[in-house]
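I opened a new notebook page for this structure. My plan was to pick single spots and then step back to the whole.

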Amino acid sequence: MKNDSVSLLKNKDVLIVPLNPNMNDQELKQFELRVLQETSKEDTIRSVVIDVSSFESMDLFAAKLLFGMVKKLEMMDIKSVMVGIRPEVAITLMDIGIEFPDVITAPSLERGLRLLKRSKK
């Protein structure tokens, strides 16, 4: 995989994506495209874990892009889970009116992986 600002880590059939909170809007768009391309070319990838635990805050653009990417992955028959949303980020997203009821979330990477494993059964 390319040497970009975000490492894509593959663990069996799961792509784990720890996000860099310092990415600008253009870098976020490139990240989204990279994840979508990686999942489409790798037949073995069945799930994506998006780790946002390093985000102390999240703006409207980043939130919409990330949650939109989850929907795009779903259209490609790729399960996803967003992990590590901090309480202050959740509060801010709710305060600005962002709700994503269909997005699976987990407080940690470990719990996110367990959720994905259970959903495969």
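**Entry 1: K12.** I started with K12 in this predicted model. Is K12 buried or exposed? K12 has a relative accessible area of 73%. The cut-off for exposed is over 50%, so K12 counts as exposed. I then looked up where K12 sits. K12 belongs to the loop between strand 1 and strand 2 (14–18). I also checked the backbone. The phi of K12 is near 60°, which is a positive value in a residue other than glycine.

**Entry 2: D77.** I looked up another positive phi. D77 has a phi near 65°, and D77 is likewise a residue other than glycine. Where is the place of D77? I found D77 in the loop between helix 2 (60–75) and strand 4. The relative accessible area of D77 is 66%, so I noted D77 as exposed.

**Entry 3: E32.** Next I went to a helix. E32 is in helix 1, which covers residues 25–41. I asked whether E32 is buried or exposed. The relative accessible area of E32 is 10%. Buried means under 20%, so E32 is buried. Which residues does E32 touch, not counting residues up to four places away in sequence? I listed L65, G68, M69 and K72.

**Entry 4: K120.** I moved on to helix 4, residues 109–120, where K120 lies. K120 has a relative accessible area of 40%. That value falls in between the two cut-offs of 20% and 50%, so K120 is partly exposed. I left aside the neighbours within four places in sequence and looked up the contacts of K120. These are D13, V14 and S47. I also looked up a distance from K120. The C-alpha atoms of K120 and S54 are separated by 28 Å, and the two residues are 66 residues apart along the chain.

**Entry 5: the sheet.** I turned to the strands. In what order do the five strands form the open sheet? The order is 1-2-3-4-5, and the pairing is mixed. Strand 1 (9–11) and strand 5 (105–106) are the edge strands, and each pairs on one side only. I kept one background point beside this: strands of a sheet pair through backbone hydrogen bonds, either parallel or antiparallel.

**Entry 6: partners of strand 3.** I looked up the pairing on each side of strand 3. Strand 2 and strand 3 pair in the parallel sense, over five bridges. One bridge links L15 with V48 in strand 3. Strand 3 (residues 47–51) also pairs with strand 4 (residues 79–83) in the parallel sense, again over five bridges. In strand 4, V48 has S80 as its bridge partner. D51 has V83 as its bridge partner there.

**Entry 7: cover on the strands.** How many of the five residues of strand 3 are buried? I counted five of five, and I noted the strand as mostly covered. In a regular strand the side chains alternate between the two faces of the sheet. I therefore checked each face of strand 3, and both are covered. S47, V49 and D51 are buried on one side, and V48 and I50 are buried on the other. Strand 4 is mostly covered too, with four of its five residues buried.

**Entry 8: the whole chain.** I stepped back. The protein has four helices and five strands. Along the sequence they follow the pattern β-β-α-β-α-β-α-β-α. Why did I write down "compact" for this protein? The radius of gyration is 13 Å, close to the 14 Å that the globule rule gives for 121 residues, so the protein is as compact as a globular protein of that length. The C-alpha trace spans about 40 × 30 × 25 Å along its principal axes.

**Entry 9: totals.** I finished with a few totals. Among the 121 residues, 38% count as buried. For contacts with a separation of 6 or more, 71% come from residues 24 or more positions apart. The protein exposes about 7200 Å², and carbon and sulfur atoms supply 50% of that area. I looked up the charges last. There are 18 positive and 18 negative side chains. The centres of the two sets lie 8 Å apart.

Notes: Residues are numbered from 1 along each chain as its sequence is written. This is a predicted model: local features need pLDDT of at least 70, side-chain atom pairs count only at pLDDT 80 or more; totals for chains, interfaces and linings use all residues. Side-chain values use heavy atoms; hydrogens and water are left out. Helices (H or I, at least four residues) and strands (E, at least two) are DSSP runs, numbered from the N terminus. The radius of gyration is taken over C-alpha atoms; the globule rule is 2.2 Å times the number of residues to the power 0.38. Buried means under 20% relative accessible area, exposed over 50%, partly exposed in between (1.4 Å probe, protein chains only). Contact means heavy atoms within 4.5 Å. Accessible areas come from the Shrake-Rupley method with a 1.4 Å probe; for residues, only the protein chains shown count as cover. Lys and Arg count as positive and Asp and Glu as negative; His and the chain ends are not counted. The place of a charge is taken as NZ of Lys, CZ of Arg, CG of Asp or CD of Glu. Two strands pair if DSSP finds at least two bridges between them.
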